[in-house]
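Let's take a friendly walk through a protein model together. Keep the sequence at hand and turn the structure as you read.

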Amino acid sequence: MTQPQWLSLATLAGMMALFVWGRFRYDVTAVIALLAALAIGVVSPKDAFSGFSDDIVIIVGSALVMSAAVQRSGLIDGLLMRIASRVRSTTGQLMLLTATVGFASALIKNVGALAMLMPSAVQMAKKDGRSASVFLMPMAFASLLGGLMTLIGTSPNIIVSRVREEMTGEPFRMFDYLPTGLVLLLAGLVFLAVGWRLLPRDRQASPGIGEAIDISAYAIEATVGEGSPAIGQTVADFTARHEEEVQVTGLLRGEIHGSPDPALHIAQADVLILTGDPDALERVIATDRLALAGEGKEGSGGPPDNIGVIEAVVASDSGLIGRTAGRLLMRERLGINLIAVSRAGETITAKPGQMVLRAGDVIVLQGPLDVLPMRLRQLGALPLAERAMRLGSARKRWLPIMILAVAMLAAGSGTVPAAVAFFAAAAVAVISGALPVNEAYEAVEWPILIMLAALIPVSASLQTTGASDVIAEGLAAFAVQLPPWGAVALILVSAMAVTPFLNNAATVLVMAPIAGVFATELGYRPEPFLIATAIGAGCDFLTPIGHQCNTLVLGPGGYRFGDYARLGAPLSVLVAVLGTPLILWFWPL
């Protein structure tokens with residue numbers, strides 16, 4: 001081998017060692033690898049930052065923004081909860097949750113789909129008195145399998161599409177992954193419906209600050225708007241329609257005040273005092289077109305993108321104690337609204353703004369995001385950073401789905417490049433108000449984008465120096481003794497074995513070029529080997545660190561490191577055994 005090839009491989013080996021060591025976060029490790037490649041000359045200065053303009057970075061960032069827009073609409077999780085009310089068995093609920101997150105992961109990035117549906121899973125488990133650990137790991141694995149079905153489902157698919165374009169002049173299209181991905185998802189769902197019993201039953205998440213201070217029931221004040229589905233329903237029918245998850249503890253209409261008769265019919269402009277779990281209240285406000293107190297009034301304003309909510313505890317020395325929001329003139333003097341209150345052990349029937357506050361009350365304040373932290377300090381309230389609440393967020397429920405559908409059709413048909421289609425979709429989602437600008441920036445996982453941008457030139461150095469050819473020739477010398485299916489299986493299993501030690505995107509950036517040259521050395525088409533690389537890198541079921549989806553459920557599920565292999569090892573074998581013939585069937589050599 002030449003000196004540049006040795007240096008390129010040394011950079012790769014050093015990067016993998018840093019990933020395994022775990023001393024630095026994956027994006028920092030990628031930056032170190034890029035700097036090292038620059039220092040030793042395997043990456044030229046003019047190519048060092050080419051990754052930041054690469055289509056891969058644009059597509060991944062845009063997909064994350066669209067995932068946030070779909071998640072904010074509440075459409076998918078709202079439909080899920082309606083169906084879930086009719087399913088009571090553990091296996092039935094598990095199948096519903098895994099199937100929903102699996103198919104949702106084909107539409108939006110898999111980690112976004114999982115994050116969107118996790119609260120529903122936790123709520124389902126809590127309602128039936130079981131541990132959420134029964135649901136969360138199977139959901140994470142289903143999201144990984146679902147992400148295999150489309151270009152935007154997972155980062156490896158985006159990367160191998162670019163590699164195929166470099167090799168053949170044609171990238172993988174939006175739905176080229178669907179045949180293999182769909183069969184693997186369906187097989188995985190069947191396995192998870194049975195295999196969940198391999199998980200320990202005693203895993204419980206550590207109680208967070210929310211559970212420690214008992215904030216299960218908030219009280220909010222909401223006005224029934226024009227066209228609301230609640231109009232004409234009795235109070236009893238209203239609560240039944242929402243599965244008893246919220247209660248109408250007060251109704252204000254003319255002379256009517258206080259706790260309402262269950263037979264009373266709700267009318268437009270009625271003011272309802274609703275109590276319940278924050279997630280349930282959020283769904284009710286979105287689906288029934290209710291307006292929270294203070295929305296649209298002077299003082300709650302500022303640009304819509306700048307308005308948010310924050311949850312806080314009234315401290316023992318707070319100036320709020322013994323006073324009401326109305327007396328404090330919060331809206332007029334401070335430009336913020338008190339929109340919800342929770343008090344342990346009490347059912348609240350009064351307007352939140354008229355409640356005399358006590359130490360330990362949990363309050364939700366709405367106002368400009370840039371002043372809310374300062375207002376909390378002035379009021380003597382302590383923020384609860386663990387809970388993300390969107391009470392009062394404007395919802396455009398179908399718009400994000402329609403924008404995403406147009407982008408997927410445009411990219412899938414080849415009308416426009418995928419990067420253009422999804423960048424335009426993300427822009428339209430923000431411009432149309434389906435996703436506020438500040439939430440769009442929050443949705444982008446900058447460490448992932450930095451890692452991709454830094455590793456793209458490092459990965460390219462393997463090709464420019466010829467190091468990938470050397471590795472591929474070595475593999476080909478071994479694989480020439482194998483049948484064709486053995487060569488494909490070798491790449492799939494290799495990617496699956498490396499991913500737990502690297503980020504899945506890093507695995508593909510390193511292995512996809514090698515897989516392409518490997519195929520050429522054996523005289524085969526590159527497509528089956530690139531698909532095998534993407535599937536192997538997208539299916540880390542053995543550790544909580546190889547993929548974000550696995551990490552996301554680690555704490556909420558109360559899992560231990562070894563729990564993943566109990567369910568993940570047999571699923572990995574299933575993917576390898578079933579995936580190899582599937583790839584050869586749909587992508588002949």
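Phe172 and Tyr177 are both buried. This is a predicted model, and these two residues are a good place to begin looking at its aromatic rings. A pair of aromatic rings is described by the distance of the centres and the angle of the planes. For Phe172 and Tyr177, the ring centres are 5.3 Å apart and the planes meet at 55°, so the pair is tilted. To be called tilted, a pair needs planes that are neither under 30 degrees apart nor over 60.

How many aromatic pairs does the structure hold? There are eight. Another one joins Phe49 and Phe52, which is also tilted, with 6.3 Å from centre to centre and 45° between the planes. Here the surroundings are described by other words: Phe49 counts as exposed because its relative accessibility is 56%, while Phe52, at 40%, counts as partly exposed. Ring pairs can also link up, and they connect Phe141, Phe541, Tyr559 and Tyr564 into a cluster. A ring can have a charge as its neighbour too: the charged end of Arg23 sits over the ring of Phe24, 5.2 Å from the ring's centre.

Now let's turn to the strands, beginning with S1, which covers residues 218-224. Is S1 largely enclosed or largely open? Six of its seven residues are buried, so the rest of the structure largely encloses S1. Its pairing partners can be visited one by one. Strand S3 (residues 271-276) runs antiparallel to S1 and is joined to it by six bridges; there you can find Tyr218 opposite Gly276. Strand S6 (residues 337-342) is also paired with S1 in the antiparallel sense, over two bridges, and Ile220 stands opposite Ala340 in S6. With strand S4 (residues 290-292), S1 forms three bridges, again in the antiparallel sense. In that pairing, Val224 has Leu290 as its bridge partner.

From S6 we can step onward to strand S7. The two run antiparallel and are joined by five bridges, with Asn337 standing opposite Gln366 in S7. S7 spans residues 362-368, and seven of its seven residues are buried, so this strand too is largely enclosed by the rest of the structure. As you look along these strands, keep a general rule in mind: in a regular strand the side chains alternate between the two faces of the sheet.

The loops beside the strands hold a small surprise in their backbone angles. Most residues other than glycine have a negative phi. Ala269, in the loop between strand S2 (246-252) and S3, has a positive phi near 80°. Its relative accessible area is 52%, so Ala269 is exposed. Arg289, in the loop between helix H12 (278-287) and S4, also has a positive phi, near 55°. Arg289 counts as exposed because its relative accessibility is 52%.

Next come the helices. How far apart should the ends of helix H19 (residues 446-464) be? At 1.5 Å a residue, its 19 residues should span 27 Å, and the end C-alpha atoms are 28 Å apart, which agrees. Look within H19 for a kink of about 30° at Leu455, shortly before the proline Pro457. Just after H19 comes Gly466, with a positive phi of about 85°.

Helix H25 (residues 563-586) can be followed in the same way. Its 24 residues reach 34 Å from the first C-alpha to the last, close to the 34 Å expected. H25 has a kink of about 35° at Ala569, shortly before the proline Pro570. Its buried residues include Tyr564, Leu567, Leu571, Val575 and Ile583. You have met Tyr564 already, as part of the ring cluster with Phe141, Phe541 and Tyr559.

Two single residues finish our walk. Thr100 lies in helix H5 (residues 90-107), and its side chain reaches the backbone oxygen of Leu96 at 2.7 Å. Thr100 has a relative accessible area of 19%, and because buried means under 20%, Thr100 counts as buried. Leu151 sits in the loop between helix H7 (133-146) and helix H8 (155-168), and with a relative accessible area of 3%, Leu151 is buried. Its C-alpha atom is 24 Å from that of Glu439, a residue 288 positions away along the chain.

Terms used. Residues numbered from 1 in each chain as written. Predicted model: local features only at pLDDT ≥ 70, side-chain atom pairs only at ≥ 80, totals over all residues. Heavy atoms only, no water. Helix = DSSP H or I, 4+ residues; strand = E, 2+ residues; numbered from the N terminus. Expected span 1.5 Å × (residues − 1). Bend = angle between axes of the 7 residues up to and from the residue. Buried < 20%, exposed > 50% of the residue type's maximum accessible area, 1.4 Å probe, protein only. Pairing = 2+ DSSP bridges. Phe/Tyr/Trp six-rings, centres within 6.5 Å; stacked < 30°, edge-to-face > 60°. Lys NZ or Arg CZ within 6 Å of the ring centre and 35° of its normal. Polar contact = N/O pair within 3.5 Å; in protein donor to acceptor, adjacent residues only side chain to side chain.
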